[in-house]
Amino acid sequence: MTTIAFIGLGNMGAPMASNLLKAGHTVRVFDLVPEALQKLANEGAYASQSAQDACQNADVIISMLPAGKHVSGLYLGNKEGEGGLLNSLSNKPLIIDSSTIDAETAQSIHEACEKLDLDMVDAPVSGGVAAAKSGNLTFMCGGSTQSFERARIVLADMGLNIFHAGDNGSGQVAKMCNNMLLAIHMIGSSEALKLGTKNGLDPKILSDIMLASSGSNWTLEKYNPFPGVMENSPASNEYQPGFMVDLMAKDLGLALDNATTTNSSTPLGKLALEMYQQKQNQGDGKKDFSSIIELL
Ligand code: NAD
């Protein structure tokens, strides 16, 4: 079995690392939060004192961190290049970054890996916490065919669908497009449900009708934003995340920055970002992203 170092044990990373343990791998973990480390140690992982400790002589390194600055800090170190993990490795592990970050940062880490003859994939995920727990994540990978083929074996213990999106950074581009569409769907489903209920319809009956009709989409099927329609949804649990408003605003920001760079027209993505920023300004950044329905 493989020795895997897993860095970042938050809402997503913790269940992903758990599934690697269940698959029989040796898993060394590190997070800045001691409680997160302890939880995985209780499940059989080796709790490390630092990312460097966790990664020494590991076969695979997986990171699941909030944003590009954290991933860049982990692998490349500070602006002077000090403290980066890549320069402290004594072997040649496969690097997998599953965080959702900008494609440019992902490419800069790919370039650093190539200089050191290390295989790397950017491998962001879709599916959320439920899929992370059940091992049903979708991975969208960017990198060489060789890196992808190595990564696929490990990712199969955490996910169901594993795509090779293309070259370095392509996984992040695919993820950015997907999440912009997800935000638009969530706002659209919320609007339709609010309109229907204002007209006296029952939200569950309306959801069932739309699910069986041409308005059907993932947010209605798996993540209904209306409280009480789905027993285990964040909406029925005071919008506890799940997937935070802050993270959705971050992802929409990545999409809009990229649209500016590539001169792409994304009017609905722009409106979605403005709505999620408005939600943040109301102090709701830590709520689940389905709470956008409260703005309507
Ligand atoms: P989270 O905030 O719950 O977890 C991030 C973890 O990283 C925290 O435990 C934090 O302590 C740790 N961390 C931060 N910097 C660190 C460092 N330098 N070293 C070690 N640990 C560090 O976030 P999450 O919800 O698990 O999301 C992680 C990534 O996955 C994000 O990029 C997010 O956009 C993406 N994502 C999240 C979801 C979701 O539903 N939550 C779905 C798909 C993708």
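**Group meeting: a predicted model with its ligand**

Let me start with one residue: Tyr-276 is buried, at a relative accessible area of 0%. Tyr-276 belongs to helix H12, which runs over residues 267–281. Its C-alpha atom is 8.1 Å from that of Phe-289, and the two residues are 13 apart along the chain.

Before going on, please keep in mind that this is a predicted model.

Now the overall picture. The protein has 296 residues, and 52% of them are buried. Its secondary structure amounts to twelve helices and nine strands. For the dimensions, the C-alpha trace spans about 65 × 45 × 35 Å along the principal axes. The radius of gyration is 20 Å, and a compact globule with 296 residues would come out near 19 Å, so the value agrees with that of a globule.

Next, the ligand. Where does the ligand lie with respect to domain 1 and domain 2? The ligand lies between them, because domain 1 (3–168) and domain 2 (173–295) both give residues to the shell around it. That shell holds 24 residues, and those that come nearest are Asn-11, Met-12, Asp-31, Leu-65 and Pro-66. Sorted by class, the shell has 13 nonpolar, eight polar and three charged residues. As for secondary structure, helix H6 (128–134) and helix H11 (245–261) each supply at least two residues of the shell.

Three of the nearest residues deserve a closer look, on the backbone side. For Met-12, a backbone N or O atom sits 2.9 Å from an oxygen atom of the ligand. Leu-65 has a polar backbone atom 3.0 Å from an oxygen atom of the ligand. With Pro-66, the distance from a backbone N or O atom to an oxygen atom of the ligand is 2.9 Å. How much of the ligand does the protein bury? Taken alone, the ligand exposes 840 Å², and the protein buries 87% of that.

One last residue, Thr-138. Thr-138 is found in strand S8, residues 137–142. Is Thr-138 buried or exposed? Its relative accessibility is 18%, and the cut-off for buried is under 20%, so Thr-138 counts as buried. The side chain of Thr-138 also makes a polar contact, at 3.4 Å, with the side chain of Asn-161.

To recap: the ligand lies between domain 1 and domain 2, and the protein buries 87% of the area that the ligand exposes when taken alone. Of the two residues I picked out, Tyr-276 is buried at 0%, and Thr-138 counts as buried at 18%. That is all from me.

Methods. Residues numbered from 1 in each chain as written. Predicted model: local features only at pLDDT ≥ 70, side-chain atom pairs only at ≥ 80, totals over all residues. Heavy atoms only, no water. Near = heavy atom within 4 Å. Polar contact = N/O pair within 3.5 Å; in protein donor to acceptor, adjacent residues only side chain to side chain. Areas by Shrake-Rupley, 256 points an atom, 1.4 Å probe, with all protein chains shown as cover. Helix = DSSP H or I, 4+ residues; strand = E, 2+ residues; numbered from the N terminus. Nonpolar A, V, L, I, M, F, W, Y, C, P; charged D, E, K, R; others polar. Domains from an automatic or database assignment. Rg over C-alpha atoms; globule rule 2.2 N^0.38 Å. Buried < 20%, exposed > 50% of the residue type's maximum accessible area, 1.4 Å probe, protein only.
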